[in-house]
Amino acid sequence: MSDLDAVGLLDAYAAGTLDPVDAVDDALARLAAAHEALNCTIRVLDDRARAAAEESVRRWASGTPRPLEGVPFGVKDVIDVAGVPTTAGSWCHGLDGDAPAATSATVVRRLEEAGAIAVSKDATTEFAVGGPHPPRFGAVRNPWDHERWAGGSSTGSAAAVAARAVPCALGTDVGGSVRLPSAWCGLTGLKPTAGAIPRTGVFPLSWTTETVGPIARSARDAERLFAVLRGPDGADPRSGPLPSFDVPEGGHLTGLRIAVPGGAFTELCDAAVRAGVAHLVDVLVAAGAEVVPGEVPSAAEALPIGYQVVFTEAATLHRVDADRWDRYDPVVVRRISQGIVTPAVDYLRALQFRVELQRELDAVFAGAELLVVPTCPSTAPRLPDGTVVVDGEEFPLYAAQSRSTMLGNLTGAPGLAVPTGLAPDGCPVSAQLVAAPHREATALWAGRVFQERTGHHLVAPPSAT
């Protein structure tokens with residue numbers, strides 16, 4: 001069962017070769033083993049999951065399955081599940097401590113209404129903005145190399161999916177927090193257009209950059225999940241009416257124009273990562289795509305200015321709890337402290353930069369449907385220090401990790417991380433397909449075609465086999 005993605009599970013249910021009870025039992029057993037090895041799970045939802053699996057069996061037997069009937073999924077622990085505490089990875093979340101959530105977040109409710117089964121609350125960095133070592137739960141190890149970090153902030157979700165415990169999970173993304181752990185764990189992760197998926201019931205971090213997105217094993221799974229998750233819920237003010245969502249059929253990309261910008265995207269980037277990007281481009285061109293010019297001149301400024309926006313917005317949430325900062329992750333305290341001392345004029349200038357960056361991206365999309373860039377510049381960071389190695393040279397994690405991903409958070413553009421192979425160190429490398437706002441279908445189409453023609457997404461970590 002562990003080799004099946006979400007679509008594969010649905011096919012097996014339809015064929016009668018597998019039922020949701022067995023799949024959920026297998027997922028729960030694999031979660032226990034994965035957590036023992038990786039420290040990826042906050043809470044396993046045994047009783048809830050088994051009851052839902054029984055209902056899924058009845059629906060398949062009666063011929064009334066829903067679109068994701070019986071598919072197990074994990075939930076990053078900043079996202080509410082009714083009756084289950086949300087810790088946000090911290091000792092200090094809320095005055096009520098670990099009180100159960102009264103209602104489920106919109107994204108959880110939508111997946112469950114489509115028949116999917118929540119099986120776990122997954123580890124996160126503290127408040128989704130902390131470092132690899134949250135004081136309450138500790139670091140999540142990478143399934144490909146237990147001496148490395150799984151990435152953050154959707155760290156446990158990615159580790160559990162990569163370990164083949166569950167086929168998919170929900171994460172959140174403020175500067176790359178879906179795409180980075182997906183890249184470092186060999187997965188497919190979608191950061192959607194800003195506002196495409198409601199954030200109701202998600203513990204907030206940054207109201208202008210944050211999105212919810214799926215972490216999956218394949219582009220076809222990400223497509224199925226996004227189709228269910230997208231659309232306004234009447235509660236999130238940033239979530240409004242959307243255009244139709246139709247991913248083209250077929251394996252030919254004739255007419256698709258792709259830009260492959262350099263500059264800041266490739267200046268601090270390991271040769272294995274650059275080779276993966278080139279490999280992805282070659283496969284897309286072989287499928288009919290055309291490479292066209294396209295650069296983003298201000299890309300180098302996106303990372304520091306993006307952090308400035310995120311930390312300032314995070315500070316507005318956490319400064320009221322300053323008397324409890326002694327129990328926070330020191331990384332969180334440093335970051336929100338930076339936000340507190342950011343002058344209003346600098347924050348407003350950062351918001352103006354966002355508009356300028358959006359215009360640069362619009363200029364690229366005037367002549368191309370997709371940008372292809374690295375997801376992150378290295379393979380997974382090494383523990384305990386969290387350093388990354390680029391062409392043999394060691395760098396601090398935060399100087400490198402979000403160089404390509406922050407572009408999408410500042411501009412609102414969607415990005416799809418796809419695995420492109422393994423580096424010489426045996427860990428995954430990844431490239432990102434960036435589309436114009438509300439053009440997730442284009443990125444998912446190209447990602448699906450690439451995966452149909454290669455198979456890097458099918459390779460499991462040695463520890464998961």
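Hi everyone, let's start with one pair of residues: Pro374 stands opposite Ala431 in strand β15. Before going on, a word on the model: it is predicted, so local features need pLDDT of at least 70 and side-chain atom pairs count only at pLDDT 80 or more, while totals for chains, interfaces and linings use all residues. Residues are numbered from 1 along each chain as its sequence is written, and side-chain values use heavy atoms, with hydrogens and water left out.

Some vocabulary next. Strands (E, at least two residues) and helices (H or I, at least four) are DSSP runs, numbered from the N terminus. Two strands pair if DSSP finds at least two bridges between them. Buried means under 20% relative accessible area, exposed over 50%, and partly exposed in between, using a 1.4 Å probe and protein chains only.

Back to our strands. β15 covers residues 428-435, and 5 bridges join β11 to β15, running antiparallel. Another pair here is Leu371, which stands opposite Val434 in β15. β11 itself spans residues 370-374, and 5 of its 5 residues are buried. Strand β9 (residues 257-259) is joined to β11 by 2 bridges, and these two run parallel. There, Ile258 has Leu370 as its bridge partner in β11.

Which strand is joined to β15 by 7 bridges? That is β14, residues 415-422, and the two run antiparallel. Leu422 stands opposite Pro428 in β15. Together β14 and β15 make a hairpin with 5 residues between them, and Gly426 in the turn has a positive phi of about 85°.

In a regular strand the side chains alternate between the two faces of the sheet. Are the faces of β15 covered or uncovered? Both are covered: Pro428, Ser430, Gln432 and Val434 are buried on one side, and Val429, Ala431, Leu433 and Ala435 on the other.

Leu433 takes us to the nonpolar core, meaning a set of buried Ala, Val, Leu, Ile, Met, Phe, Trp, Tyr and Cys residues joined through side-chain atoms within 4.5 Å. The largest one has 105 residues, and Leu433 is among those with the most contacts inside it, along with Phe73, Ile79, Val107, Leu170, Leu284 and Val296. Helix α10 (residues 299-318) gives the largest share of this core, 10 residues. There is also a second, separate core of 28 residues, including Ile117, Val166, Ala169 and Cys185.

Let's zoom in on Leu284. Contact means heavy atoms within 4.5 Å. Leaving aside neighbours within four places in sequence, Leu284 is in contact with Leu253, Ile258, Ala289, Leu433, Ala446 and Phe450. So two residues from our strand tour, Ile258 and Leu433, turn up in that list.

Now a helix. α2 (residues 20-38) has 19 residues and reaches 25 Å from its first C-alpha to its last, close to the 27 Å expected at 1.5 Å a residue; that expected span is 1.5 Å times one less than the number of residues. Its buried residues are Pro20, Ala23, Val24, Ala27, Leu28, Leu31, Ala34 and Leu38. Seen down the axis of α2, they fall within an arc of 135°, so they line one face of the helix. The arc is that of the directions from the helix axis to the C-beta atoms. Following α2 comes Asn39, with a positive phi near 65°.

Last stop: Asp173, in strand β6 (residues 168-173). Asp173 is buried, with a relative accessible area of 0%.
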